[in-house]
Amino acid sequence: MQGWLVVLTLLLRALESYASDKAEKPSAWYSFRGIKSISSSIFAGRFTAINPMAFKNNKQGAIITKRDGKWNLEDVHRNKYISEEERLIGTQNWIPMNDTLQTLKLNFNNCSSKEFACHDGTCLPYESRCNSVGECPDLTDEKNCVKIIVDETYDKNVPAYDPTSQTQLLLKFSLHRILSIDMNKQEMSLIIITILKWEDFRFKQANLQSNIELNTVFYDEWNKIWIPSLLFLNTRNKFQSKNGPDEKDSLVLLGRNFKRRLEDNKEDLIQNYLTENSTIVKKNLYSLTFLCSFDFAKYPFGKQTCPIDIHFKVPDQFHLQLIPDGIELEEKAIGMFHITN
């Protein structure tokens with residue numbers, strides 16, 4: 001069991017974007033987004049406008065033409081589909097002319113790889129996806145804004161670890177408020193803030209913004225992943241954070257890794273931008289009473305110390321390391337006591 005001992009010294013006074021990520025708009029070509037395997041399908045690649053009523057995919061040989069008010073899509077094998085609607089741009093069903101084929105739900109647009117395609121085909125910079133501001137005319141940029149994607153192999157009871165190296169958990173401690181210091185009871189009551197940071201390569205993060213404050217994850221999502229639990233050894237009943245009454249209200253943020261890729265959701269055809277190995281940040285505020293061992297021989301003018309003994313417990317084979325990431329004292333005095341670290 002690893003731990004970090006924070007020692008507080010009590011001094012007794014004598015009774016006293018869009019710009020950087022903006023994509024170059026492809027005005028001369030269009031493409032389909034939709035089925036998950038579109039990149040390897042016969043409809044992959046760029047369609048060039050031959051005339052206002054025809055588009056051709058020179059790479060795959062597919063062609064789109066308009067006849068009798070509907071659009072016709074034909075692949076190199078002469079399989080034919082008819083658009084469900086009169087418009088071409090945006091999301092719609094393509095109905096097969098052959099009963100052996102399945103209906104395709106596709107989004108036809110001229111968005112670049114750095115742009116999000118709205119349901120109606122409008123293109124937005126990918127930073128608009130899930131930024132809490134509806135910018136698509138149909139608001140599809142703010143629909144299904146998942147941030148954590150786990151598969152069936154993920155076990156949230158197993159700590160995040162890398163078999164090839166030691167996983168680091170960074171812990172920052174902040175003394176937010178001093179509630180009381182009782183020399184007779186040998187205890188100190190504080191409101192503290194802990195900030196934990198770690199990485200977990202086993203799940204995917206989606207639609208993250210460069211501003212980490214926009215990447216808040218609520219309990220229903222972060223409860224899918226492993227979350228470290230802190231143990232405060234010198235508190236009453238040895239308080240453990242995972243058992244705290246306010247644990248569900250923890251502030252959990254995801255820091256974006258700037259390497260990200262587009263993936264179409266085949267159910268609703270809304271694209272998610274996926275990243276991996278992003279930093280997970282968990283911030284908590286606790287009101288705790290710490291048990292101290294004050295030296296009455298030094299009272300009231302000498303220095304007293306009271307430890308804050310923080311640990312987390314995981315099996316040794318997971319190679320996790322708790323690393324102090326700083327101490328901050330937001331409040332430093334109460335009554336005749338002045339606190340330093």
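Student: Is cysteine 118 buried or exposed in this predicted model, and how should I read that from its relative accessible area?

Tutor: The general idea is a cut-off: a residue counts as buried under 20% relative accessible area. In this predicted model, cysteine 118 has a relative accessible area of 0%, so it is buried.

Student: Which cysteine does a disulfide join to cysteine 118?

Tutor: A disulfide is assigned when two cysteine sulfur atoms lie within 2.5 Å. Here the partner of cysteine 118 is cysteine 136, with an S to S distance of 1.9 Å. The link of cysteine 118 and cysteine 136 is left-handed, with -80° about the S-S bond. Cysteine 118 sits in the loop between β10 and β11, and cysteine 136 in the loop between β11 and β12 (148–149), so the disulfide ties together parts 18 residues apart in sequence. Cysteine 136 is also buried, at a relative accessible area of 3%.

Student: How many disulfides does a search of the whole structure find, and what pattern do they follow?

Tutor: The search finds 4 disulfides. With bonded cysteines counted along the chain, their pattern is 1-3, 2-5, 4-6, 7-8.

Student: Why is the disulfide of cysteine 111 and cysteine 123 assigned its handedness?

Tutor: The sign of the torsion is what one reads. For cysteine 111 and cysteine 123, the torsion about the S-S bond is about -90°, so this disulfide is left-handed. The pair links distant parts of the chain, 12 residues apart: cysteine 111 is in the loop between β9 (104–109) and β10 (115–117), while cysteine 123 is in strand β11 (residues 123–125). Their sulfur atoms are 2.0 Å apart, and both cysteines are buried.

Student: Where do cysteine 292 and cysteine 306 lie?

Tutor: Cysteine 292 is in the loop between β21 (279–291) and β22 (303–312), whereas cysteine 306 is in strand β22, so this pair ties together parts 14 residues apart in sequence. A disulfide joins the two, S to S 1.9 Å. The link is left-handed, with -70° about the S-S bond. Both cysteine 292 and cysteine 306 are buried.

Student: Turning to serine 83, which backbone oxygen does its side chain reach?

Tutor: The side chain of serine 83 reaches the backbone oxygen of glutamate 85 at 2.7 Å. Serine 83 belongs to strand β7 (residues 80–83) and counts as buried at 2% relative accessibility.

Student: Leaving aside neighbours within four places in sequence, which residues are in contact with serine 83?

Tutor: With those neighbours set aside, serine 83 is in contact with Lys70, Trp71, Gln92, Asn93 and Trp94.

Definitions and conventions: Residues are numbered from 1 along each chain as its sequence is written. This is a predicted model: local features need pLDDT of at least 70, side-chain atom pairs count only at pLDDT 80 or more; totals for chains, interfaces and linings use all residues. Side-chain values use heavy atoms; hydrogens and water are left out. Helices (H or I, at least four residues) and strands (E, at least two) are DSSP runs, numbered from the N terminus. Buried means under 20% relative accessible area, exposed over 50%, partly exposed in between (1.4 Å probe, protein chains only). A polar contact is a pair of N or O atoms within 3.5 Å; within protein, one must be able to donate a hydrogen and the other to accept it, and residues adjacent in sequence count only if both atoms are side-chain atoms. Contact means heavy atoms within 4.5 Å.
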